[in-house]
Amino acid sequence: MRLDDLIDRNMDNDFAMRVFARLAMGILHEPNGLFDLEITQFALTPDKSHTATVTVHALWQGQDIRLHTPVRTAA
């Protein structure tokens with residue numbers, strides 16, 4: 001998903017949109033077999049100094065799915 005090149009950037013609206021776009025492209029990449037996954041909600045929540053959590057809610061095969069992953073932001 002190439003999130004590594006976003007490390008150490010300021011967490012602002014541009015950062016959130018770039019994270020969402022790359023996450024969506026990675027999840028929906030055809031070879032992953034998740035073409036029927038529907039992203040319903042996305043959030044980028046600051047956790048503590050210089051980290052945040054990305055949360056994605058999605059529907060897949062009739063099931064609610066929640067994905068959480070930490071992201072490091074600018075120091």
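Start at the hairpin of strand 2 and strand 3: select Gln61, one stop in this predicted model. Two residues sit between the strands here, and Gln61 takes a positive phi near 50 degrees.

Now widen the selection to both arms of that hairpin, residues 51-60 for strand 2 and residues 63-72 for strand 3. They pair in the antiparallel sense, over 10 bridges. Want to see one pair of facing residues? Pick His57, then look across to strand 3, where Arg66 stands opposite.

Next, hop over to helix 1, residues 13-27. Those 15 residues reach 21 Å from the first C-alpha to the last, close to the 21 Å expected at 1.5 Å a residue. Stay at the N-terminal end for a moment and click on Asp12, which caps the helix. One of its side-chain oxygens lies 3.2 Å from the backbone nitrogen of Asp14.

Which residues of helix 1 are buried? Select Phe15, Ala16, Val19, Arg22, Leu23, Ala24, Gly26 and Ile27 to see them. And what covers them? Show strand 1 (38-48) along with strand 2 and strand 3, since the cover includes these strands.

Finally, zoom out to the whole chain. Following the chain from the N terminus, you pass elements in the order α-β-β-β, which comes to one helix and three strands. Of the 75 residues, 29% are buried. Switch on a surface view and you're looking at about 5,200 Å² of accessible surface, with 52% of that belonging to carbon and sulfur atoms.

Conventions
Residues are numbered from 1 along each chain as its sequence is written. This is a predicted model: local features need pLDDT of at least 70, side-chain atom pairs count only at pLDDT 80 or more; totals for chains, interfaces and linings use all residues. Side-chain values use heavy atoms; hydrogens and water are left out. Two strands pair if DSSP finds at least two bridges between them. Helices (H or I, at least four residues) and strands (E, at least two) are DSSP runs, numbered from the N terminus. The expected span of a helix is 1.5 Å times one less than its number of residues. Buried means under 20% relative accessible area, exposed over 50%, partly exposed in between (1.4 Å probe, protein chains only). Contact means heavy atoms within 4.5 Å. A polar contact is a pair of N or O atoms within 3.5 Å; within protein, one must be able to donate a hydrogen and the other to accept it, and residues adjacent in sequence count only if both atoms are side-chain atoms. Accessible areas come from the Shrake-Rupley method with a 1.4 Å probe; for residues, only the protein chains shown count as cover.
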